[in-house]
Amino acid sequence: MNVEAKYRQASLYVGDLHADVTEDLLFKKFSAVGPVLSIRICRDLVTRRSLGYAYVNFLHLADAQRALDTMNFDMIKDRSIRLMWSQRDAYLRKSGIGNVFIKNLDKSIDNKTLYEHFSAFGKILSSKVMSDDQGSRGYGFVHFQSQTAADRAIEEMNGALLKDCRLFVGRFKNRKDREAELQNKAHEFTNVYIKNFGDGMDDERLREVFSQYGKILSVKVMTDPSGKSKGFGFVSFDSHEAAQKAVEEMNGKDISGQPLFVGRAQKKAERQAELKQKFEQMKQERYRWSRGVKLYIKNLDETIDDEQLRREFSSFGSISRIKIMREEGRSKGFGLVCFSSPEEATKAMAEMNGRLLGSKPLNIALAQRP
């Protein structure tokens with residue numbers, strides 16, 4: 001083993017740090033167990049504010065182990081720190097092997113309590129209860145060193161009571177797996193959500209309207225305390241085909257003078273997950289757009305549309321976005337083209353600036369970042 005590998009093995013990750021914790025404070029803390037080679041608090045590149053975690057490199061592996069055994073969950077500046085081995089292998093972090101998801105946690109359960117309740121099943125690499133400014137969000141993760149320990153924890157703790165809360169404990173699923181699950185549910189649904197039918201609808205009439213599409217297991221019009229319809233309800237079919245046909249044929253259909261909305265019934269968690277997925281996609285698109293190089297195209301002929309502009313510029317490289325500015329549907333004579341690299345944008349500007357497009361020569365400049 002070379003020297004670098006030896007020292008890397010004696011490296012600890014220190015998480016959940018207070019923003020005011022300094023390298024000097026950490027050095028004093030961890031030097032108590034043995035010689036410390038270096039400490040690095042990870043900081044924002046622009047503001048230099050702490051990101052809430054650090055790496056401590058010990059001279060001896062035994063000292064790092066002692067710190068992990070005796071200092072995990074210690075308080076620094078009124079905040080419990082979280083220690084684990086510095087895991088540079090991204091595959092182990094992201095594969096999900098040995099990683100367990102726990103939800104329905106009592107608000108009083110913290111990282112230490114979670115660790116203590118699950119440590120009986122095997123060696124734990126890390127444990128974390130997710131939280132925000134209001135405290136625990138009611139779920140967390142325990143990452144075991146082995147999948148065998150994780151399976152044992154799932155078998156014994158799923159459905160168990162902890163602080164009068166019945167836990168759900170299952171295998172960790174990464175985002176790709178969760179998205180695939182959502183898509184599968186979208187293709188296999190049997191429950192249909194209907195709204196906008198007014199207050200004259202009841203269970204029997206709703207059953208009558210939808211029974212033509214297949215066998216119905218249950219129907220429910222939601223009502224207020226007086227028994228009056230709230231204008232929405234649910235129909236559960238015995239097959240996906242029947243539910244799908246009902247959605248395709250009834251969505252937008254006029255009932256009692258207003259168009260119905262008919263769609264797949266979703267649980268709150270599903271809706272939130274779907275919205276989160278859409279938000280993440282939008283965020284990634286905005287990020288790609290901001291990271292690209294934008295060209296400002298002026299003096300555009302009014303007959304040029306987005307597709308024509310894309311055709312003219314696509315030969316210079318990958319275009320992440322293109323947009324002609326419009327007002328009441330008419331071109332304002334300028335737009336933006338965003339390339340994925342500066343080289344592509346430079347080439348496009350050099351070759352297209354002054355070129356006749358339609359009846360006008362283009363005027364191209366590098367769009368300034370705000």
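**Group meeting: a walk through a predicted model**

Let's start with Leu61: setting aside neighbours within four places in sequence, Leu61 is in contact with Gln9, Ala10 and Trp85. This residue sits in helix 3, which covers residues 61–71. Is Leu61 buried or exposed? Neither, as it turns out: its relative accessibility is 41%, so Leu61 counts as partly exposed. One more thing on Leu61: Gly34 is 27 residues away in sequence, and the two C-alpha atoms are 9.8 Å apart in space.

Before I go on, keep in mind that this is a predicted model. The average pLDDT over the chain is 85, and 88% of the residues score at least 70. Where is the confidence lowest, and where is it highest? The low end is helix 1, residues 3–9, with a mean of 48, and the high end is helix 2, residues 23–30, at 95. Residues 1–8 have a pLDDT below 50, and that stretch makes seven contacts in the model beyond near neighbours in sequence. Where pLDDT is low, the predicted coordinates should not be read in detail. So please don't lean on that start of the chain, where pLDDT is below 50 over residues 1–8 and low coordinates are not for detailed reading.

Now the overall picture. The chain has 12 helices and 24 strands. It runs to 370 residues, and 37% of them count as buried. If you take the contacts with a separation of 6 or more, 61% are between residues 24 or more positions apart.

Next, the pocket I wanted to show you, the second largest one. How much space lies in it? About 470 Å³. Its lining has 22 residues, and those nearest the centre are Asp16, Ser80, Asn111, Lys128 and Ser131. By class, that lining splits into eight nonpolar, seven polar and seven charged residues.

Which element supplies the largest share of that lining? That's strand 8, with four residues. Strand 8 spans 124–132, and it is one of several elements that give at least two residues each. The others are strand 1 (11–15), strand 3 (50–58), strand 5 (79–80), helix 5 (111–118) and strand 9 (135–144).

Two residues from those strands are worth a look. Take Asn57, in strand 3. Asn57 counts as buried because its relative accessibility is 19%, and the cut-off is under 20%. Its side chain makes a polar contact with the side chain of Ser11, at 2.8 Å.

Then there's Ser136, in strand 9. Ser136 is at 12% relative accessibility, so it counts as buried too. A polar atom of the Ser136 side chain lies 3.0 Å from the backbone nitrogen of Gly138. And who does Ser136 touch, leaving out residues up to four places away in sequence? Asp106, Lys107, Ile109, Val129, Met130 and Ser131. You'll recognise Ser131 from the residues nearest the centre of the second largest pocket.

Last stop is His240, in helix 9, residues 240–250. Why does His240 count as buried? Because its relative accessible area is 18%, and buried means under 20%. Along the chain, His240 and Glu188 are 52 residues apart, while their C-alpha atoms are separated by 5.7 Å.

That's my tour; happy to rotate the model if anyone wants another look.

Technical notes: Residues are numbered from 1 along each chain as its sequence is written. This is a predicted model: local features need pLDDT of at least 70, side-chain atom pairs count only at pLDDT 80 or more; totals for chains, interfaces and linings use all residues. Side-chain values use heavy atoms; hydrogens and water are left out. On a 1 Å grid over the protein atoms alone, a cavity is a set of points where a 1.4 Å probe fits but cannot get out, and a pocket is an open set with protein on both sides within 12 Å along at least five of seven lines; lining residues have an atom within 4 Å of a point. Grid points are joined across faces, edges and corners, and a volume is the space filled by probe spheres set on the points. Ala, Val, Leu, Ile, Met, Phe, Trp, Tyr, Cys and Pro count as nonpolar, Asp, Glu, Lys and Arg as charged, and the others, Gly among them, as polar. pLDDT is the predictor's confidence in each residue, from 0 to 100. Contact means heavy atoms within 4.5 Å. Buried means under 20% relative accessible area, exposed over 50%, partly exposed in between (1.4 Å probe, protein chains only). A polar contact is a pair of N or O atoms within 3.5 Å; within protein, one must be able to donate a hydrogen and the other to accept it, and residues adjacent in sequence count only if both atoms are side-chain atoms.
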